[in-house]
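Below are my notes on the model, set out as numbered points. Please read them alongside the coordinates.

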Amino acid sequence: MQCTATHSSSSVFQRGEPLLQRRGRPMLGARQAPVRAAAETEGPMIVTQKKELKLLTPKYCESIHQTRRRPTRTVDIGPVKVGSEHRIALQTMTTTDTRDVEATVEQVKRCADAGADIVRITVQSKREAEACMRIRERLFKDKYDTPLVADIHFQPAVALMVADAFEKIRINPGNFADGRKTFDEINYDDPSEFAAEREYIREVFTPLVEKCKSLNRAMRIGTNHGSLSARILSFYGDTPRGMVESAFEFADICRDNDYHNFLFSMKASNPLVMVQAYRLLAEEQYNRNWDYPLHLGVTEAGEGEDGRMKSAIGIGSLLMDGLGDTIRVSLTEDPEYEINPCGRLANLGKKADEEKWGVEAFEEHRDTHLFSRRQGGRGRVAGWRSSWFLSWPAGRVHDWVGTLPEQREGDTVDYRPLLHRDGSVLAVVYPSDLEQPELMYRRLGAKLVVGMPFKDIATADSILMYQVPASDDVAGRRALRRLQEVGVHVMAPAEVLAANPLPDAVAVMQLAVAASAHRAGGVQLPEGAGRLAVFIDGSESAEDLAALKACWLMLGGCRSGAELTCAACMYTNDLGAVMGLLKTAPGLSRVHASRRVFEQLQQQEISLPIIHHITFPDGSSRDDIVLQAGERLVGWWAGGLAGSMVGALMVDGYGDGLVVECATEDGDYLRTTAFGLLQEVTDQIRTRTGHLPGVSIAVMGCIVNGPGEMADADFGYVGGAPGKIDLYVGKEVVRRNIPNEDACDQLIDLIKEHGRWQEMEVEEEEGEQALAGAATARQKTCDIGMARSAPNVLVTGTPGTGKTSLSEQVAAATGLKHLNIGDLVKSQQLHTGWDDEFECLVIDEDKVCDALEDLMAEGGCLVDYHGCDFFPERWFDLVVVLQADNTVLWERLEKRGYSERKVQENVQCEIMHVIVEEARDSYGEGVVHVLQSSTAEEMEENVERLTQWARSWRPSS
Ligand SMILES: Nc1ncnc2c1ncn2[C@@H]1O[C@H](COP(=O)(O)OP(=O)(O)OP(=O)(O)O)[C@@H](O)[C@H]1O
């Protein structure tokens, strides 16, 4: 039976008479939809989502079913050869002032010693070009023949000069011939003007082509997203198409001069744009029968794991499709540190190609020109919670597909947080982890309040266990229960749960087994399990995958007239599975086999959330995980993870979350990460601006590709003259030559000028403490101007859940003052009078707040009330919501002599988690804690936990 109680206020019935009602808010039940009976008789209603089939995937690589390196010609870069006949070459770029010959030579040597095949050096003017001659000579003298690449922007004359010294010239088509552009929008309505500009490019570029040809120098035509010429922008916009067209203008000139020793790049700081641009470039090369190699890179990817993650997603995805002949992992770290991740990615590409990772051919309809999230895989759209209770016209097919778990009648825990609509993170937990629950909670990204985990955005959504603690392992079970109570669900294989039942667990079955059981009559969940998930290994038949086909289950009571109350429907699939864990079987290529699964899901319009599940052998380094795994992980690994294997799927919108399994050493990673000056700057900027919502700041050592590199950023912090910084707003430089030491302050001024500044909340400043204990951090937020010597706690929950009993015992044990708001309202007349309709007193929230203000400022109060949203947030250090089993609650309320209607409505309120949601809506993450209060043992445990918490609470300094 599906309960459909309206999301109400906390206006549930109060024990005894008179009843209290919140002013201006209806009593629960007054306008609510009645409980609806299940309507299996009506049968499932299949909703077809009309979707046009897309065109077959255009050819952009040798095979979409198998990694096969795209055949490319050999480009000679001094002694290094680049192309499909050769291994993938590793590149990096110096960060020194090119005019400082000594420093640059030393840095090139460090890069070469670290394994760089090719090193790029920025050459802004003739003075740098002159230094290049000396750099080349010095390196030859010291027996370093590493080919050097001159990075040229805006200066054709400089390019000509440096071609004498360096083995390769990189030009940016966006600024080679156009001079320093203003980025004003220019409309080339007159085609002759467009043609005239092209002619000018030919004039300026041809001498360089001729020189490179005569000296056998190589060239890279390196387009960057965000630094296209105004002319290209006016025709194509800042798009992958514009990037490709821009590069081809220059390539045509090379080819007209019978010069072919060149390659292309299509970098962007956004890996999705970058992948699309390279795919389009490769596609157009196939169309033209061209075979020029590709240099891959995500520009200004950033530092640390984030930078590696972005690079791995972009570069790794393309390597999985056999694209890429030379690569650079662009990090804001010293260049030699780029080589290791670069080499790891190159090795991954090599292995995939040599071992021909792939699956049997299948028909594919992926749209490689456009990024879009797989339809429906994401689950409910934002705003779902409220829309769930709205009514839609009958028979209308909703344009959203909701597949996140639903709450059902009889559930004793809230299953909705099992997944997160913005992408889910799951962690694997072993029984031994339960021996140190606090350490485990922290690793899962939960905040802790004296042993109690608090779930927030950084916490793993659910955990997967291959073994669960035995029923007599009280401590292990308690550790899991505490996670379940805060909405971190426990998933385990069905056979494990069958042998060792765990209440409210999610049973996971192989899809093939579940589908076959379904066909044979129905899937039986093991005892205690509340939901089903499936393991998908990529080898399933279309028929098995079809068992996941979504449908609307009509749960009864729907009005057949003009409106259909959607709360009476449940969006599910035949199996009733809540998610699929996709882990490809050994021997199957993850990328290709997963593509087949997603293709099948798309074709069958299956919107089940799919979580990528990837396992690394013990001892894998964090870099292995970052570069191969994919997507951001928080919690267990306490940092961002990224990668090729999953990134290659995510760039196509395939996947809704990630679970990574590996026991690794954090220390390994940290040791290999050394931070240079630029990183310190980045850290400083991030520390001071990281709290600003939605403000992106590009931090760059120097402006190599033109300000358009900051296409995705709101502000730019860019190295200019030595020791000086230029600040940008969007693509426009607004402050120049600011001394390094003042630049961060000036950046903040600039952000303020543009109205994007926001003071950091005390809580955020106290981030460290937030990790150490949510309550302490909360105290700081709450207590601005209000120093309490003892904590305030709100104990809330549906009537009968045990608030008063708990509060009385905790008050007795700790000395906190117990304030029962119901009693207070009556004794101090804090109401606006009697409501005849509802036969109750109407609580005056203002009066209640006024009456409590001084007491709360003093601190040490235990407030006991069945509502929570009208108290000022700053009052409480901890908000405890008690919950009880529906049957237990029913019995307790019946014992009080409540009418059946009152009992029913209160129990509905409990089923719908009305108070929990109200508390979560009203108080910050980490403050609200849900505790079960059905049994005497739970009451005892809750008293103990709260007492312990109150005793260890300390005022903030
Ligand atoms: N965890 C528990 N185990 C056993 N009995 C409990 C538990 N919690 C509460 N009870 C019993 O349930 C009844 C209701 O408890 P209590 O009055 O504390 O609830 P309440 O949430 O304060 O209700 P109200 O909001 O109406 O004041 C009492 O008889 C109490 O002893």
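1. Of the 957 residues in the chain, 51% are buried, a residue being buried if 20 or more other C-beta atoms lie within 10 Å of its own, exposed if 12 or fewer and partly exposed in between, with C-beta atoms placed from the backbone. This is a predicted model, in which local features need pLDDT of at least 70 and side-chain atom pairs count only at pLDDT 80 or more, while totals for chains, interfaces and linings use all residues. Residues are numbered from 1 along each chain as its sequence is written.

2. The chain holds 31 helices and 37 strands; these are DSSP runs numbered from the N terminus, with H or I over at least four residues for helices and E over at least two for strands. Among the contacts with a separation of 6 or more, 74% come from residues 24 or more positions apart. Two residues are in contact if their C-beta atoms, placed from the backbone, lie within 7 Å.

3. A closed barrel of 8 strands, with parallel pairing, follows the order β14-β17-β18-β19-β20-β24-β25-β26. Its twist averages 30° from one strand to the next. Strands count as paired if DSSP finds at least two bridges between them; β17 (residues 462-464) and β18 (residues 489-493) run parallel and are joined by 3 bridges. Ile463 stands opposite Val490 in β18.

4. Ile463 also appears in the largest nonpolar core, where it is listed with Val162, Ile169, Tyr278 and Val879 as having the most contacts inside. That core has 222 residues. A nonpolar core is a set of buried Ala, Val, Leu, Ile, Met, Phe, Trp, Tyr and Cys residues joined through C-beta atoms within 7 Å. Apart from the largest core lies another, of 13 residues, including Ile697, Ala698, Tyr717 and Leu727.

5. What does Ile169 touch, not counting residues up to four places away in sequence? The set is Ala150, Ile152, Ala159, Val162, Ala163, Leu208, Cys212, Arg217 and Met219.

6. Strand β10 (residues 262-267) has 6 of its 6 residues buried. In a regular strand the side chains alternate between the two faces of the sheet. Both faces of β10 are covered, with Phe262, Phe264 and Met266 on one side and Leu263, Ser265 and Lys267 on the other. Strand β9 (residues 218-224) runs parallel to β10 and is joined to it by 6 bridges; Arg220 stands opposite Leu263.

7. Helices α1 (residues 101-114) and α2 (residues 126-141) have axes that come within 10 Å and cross at roughly 45°, which makes α1 oblique to α2. Axes are lines fitted to C-alpha atoms, for helices over the stretch in contact, and angles run from 0 to 180 degrees between N-to-C directions. Angles under 35 degrees count as roughly parallel, over 145 as roughly antiparallel, 65 to 115 as roughly perpendicular and the rest as oblique.

8. Val108 lies in α1 and is buried, with 27 other C-beta atoms within 10 Å. Leaving aside neighbours within four places in sequence, Val108 is in contact with Thr94, Val119, Leu139, Tyr144 and Thr146. The C-alpha atoms of Val108 and Val119 are separated by 6.7 Å.

9. Helices α28 (residues 886-895) and α29 (residues 900-911) have axes that come within 10 Å and cross at roughly 150°, and are therefore roughly antiparallel to each other. Asn886, Leu889, Trp890, Leu893 and Glu894 in α28 meet Val903, Asn906, Val907, Glu910 and Ile911 in α29.
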